[in-house]
Amino acid sequence: MSLQQRVIDAFQRKFGAPPAIVVRAPGRVNLIGEHTDYNDGFVLPMAIDRAAWIALRPRTDRRLVVQSLDFDQSVDVDLNQMTNTGPGWAEYLKGVAWALTDSGRQLEGWDGVTAGDVPIGAGLSSSAALELATARAFATVSQLDWNPAQMALLSQRAENKWVGVNCGIMDQMISAAGAAGHALLIDCRSLENQLVPLPPGNAVIVLDTATRRGLVDSAYNERRAQCEAAARFFNVKALRDVSVAQFEARAAELDEVTRRRARHVVTENDRTLKAAEVMRAGDAAALGLLMNASHDSLRDDFEVTNSALNVIVEIARQQPGCWGARMTGAGFGGCAVALVKAEAATAFDQAVTAAYTQATGLTPNVYICHASDGASVVP
Ligand code: GLA
């Protein structure tokens with residue numbers, strides 16, 4: 001049964017009537033442009049065909065009564081007096097309600113049932129998906145204008161300030177503004193964005209290493225601080241303002257670690273802009289090479305891979321029909337992404353699964369992904 005049908009049926013059971021509205025918002029995979037968003041740089045993610053779903057109907061008393069099928073829990077929240085009782089799935093809903101209210105928007109409450117199929121904790125942005133689905137739900141029942149970039153910023157604010165995770169804008173922006181068949185080139189400073197077609201005849205395949213690292217938050221914040229220090233050295237607002245040539249001219253003056261961190265960000269921005277260009281030209285081979293270079297830079301200079309990611313990327317690159325592969329998301333575990341000829345996708349899945357299991361003893365999850373639309377009200 002589809003997730004859409006599951007949330008509709010569960011809503012009928014819980015509330016004794018069919019829902020008035022169904023919304024969904026997708027997870028994402030980033031093709032290239034990693035650890036660049038918080039440097040005001042460029043990213044090139046796509047929304048995937050896995051999403052958070054909510055079936056709902058408006059209430060008139062400013063309460064939020066929501067059941068999560070994934071967690072088998074319900075919450076009843078008074079929008080007039082919310083407190084953070086986290087951690088947990090409900091904090092994403094409350095956080096978005098808080099950010100929308102704090103921006104001056106007048107919210108109505110709703111009854112809802114939610115479920116999702118973005119794997120949790122894998123680095124595919126299940127939290128951004130839930131945030132944007134929640135924002136869509138509130139926008140619909142409260143008759144708010146739907147501006148994807150504004151809603152992404154408010155959802156990011158919910159995650160930063162309410163949930164307490166210091167993420168950049170990429171995940172919320174692509175969940176809000178993705179489009180079927182396309183990746184989205186996002187300028188993370190201006191939030192200007194352009195759809196970029198996926199090279200025809202190819203599959204985007206996510207490879208979940210089945211490894212997770214606990215201390216992602218502190219390592220992530222440490223990288224952010226190192227990037228800020230490098231930006232101060234170059235006397236710019238963010239590393240986005242440093243070109244490859246400007247970096248090279250002064251790189252020798254930086255200490256070893258700061259130099260490597262900055263080199264990753266500066267070259268990654270350059271690769272991401274090139275990736276959008278070669279995609280527009282339909283050049284899968286060139287895109288694959290840029291993805292490979294991105295991984296090597298994340299492994300050697302930014303140091304956010306782990307051995308599982310390095311192993312799965314090496315295995316992926318050896319397979320027939322694979323143009324390139326890299327880690328995706330924050331790193332330290334989680335997923336890689338590969339660009340593979342469509343006709344080779346099934347054999348690729350089987351071969352990578354077998355070789356990775358043999359090398360590590362772990363069973364990977366392989367998702368052949370289709371680029372989907374951003375947050376939407378389902379007709
Ligand atoms: C996480 C964050 C994003 C981004 C990536 C790294 O997914 O949520 O904002 O910084 O890591 O590119």
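**A tour from the ligand to strand β9**

Start by selecting the ligand and the residues around it, meaning those with a heavy atom within 4 Å: Arg28, Glu34, His35, Asp37, Tyr38, Cys167, Gly168, Met170, Asp171, Tyr220, Gly329 and Ala330. What you have open is a predicted model, where local features need pLDDT of at least 70 and side-chain atom pairs count only at pLDDT 80 or more, while totals for chains, interfaces and linings use all residues. Residues are numbered from 1 along each chain as its sequence is written, and side-chain values use heavy atoms, with hydrogens and water left out.

Now zoom in on the polar contacts (pairs of N or O atoms within 3.5 Å). A polar side-chain atom of Asp37 sits 2.5 Å from a ligand oxygen. For Tyr220, pick the side-chain N or O atom: a ligand oxygen is 2.6 Å away. Gly168 uses a backbone N or O atom instead, 2.8 Å from an oxygen of the ligand. With the protein in place, 92% of the ligand's own 310 Å² of accessible area (Shrake-Rupley, 1.4 Å probe) is covered.

Next, color by domain (bounds from an automatic or database assignment). Domain 1 (3-197) and domain 2 (202-369) both contribute to the shell, so the ligand lies between them.

Then select strand β9, residues 202-208 (strands are DSSP E runs of at least two residues, numbered from the N terminus). Six of its seven residues are buried (under 20% relative accessible area, 1.4 Å probe, protein chains only), so β9 is largely enclosed by the rest of the structure.

Add strand β11 (residues 335-341): seven bridges join it to β9, antiparallel. Click Ile205 and you'll find Ala338 as its bridge partner. Finally, show β12 (residues 365-369), which pairs with β9 in the antiparallel sense over five bridges; pairing takes at least two DSSP bridges. Here, Asp208 stands opposite Asn365.

Technical notes
A polar contact is a pair of N or O atoms within 3.5 Å; within protein, one must be able to donate a hydrogen and the other to accept it, and residues adjacent in sequence count only if both atoms are side-chain atoms. Buried means under 20% relative accessible area, exposed over 50%, partly exposed in between (1.4 Å probe, protein chains only). Helices (H or I, at least four residues) and strands (E, at least two) are DSSP runs, numbered from the N terminus.
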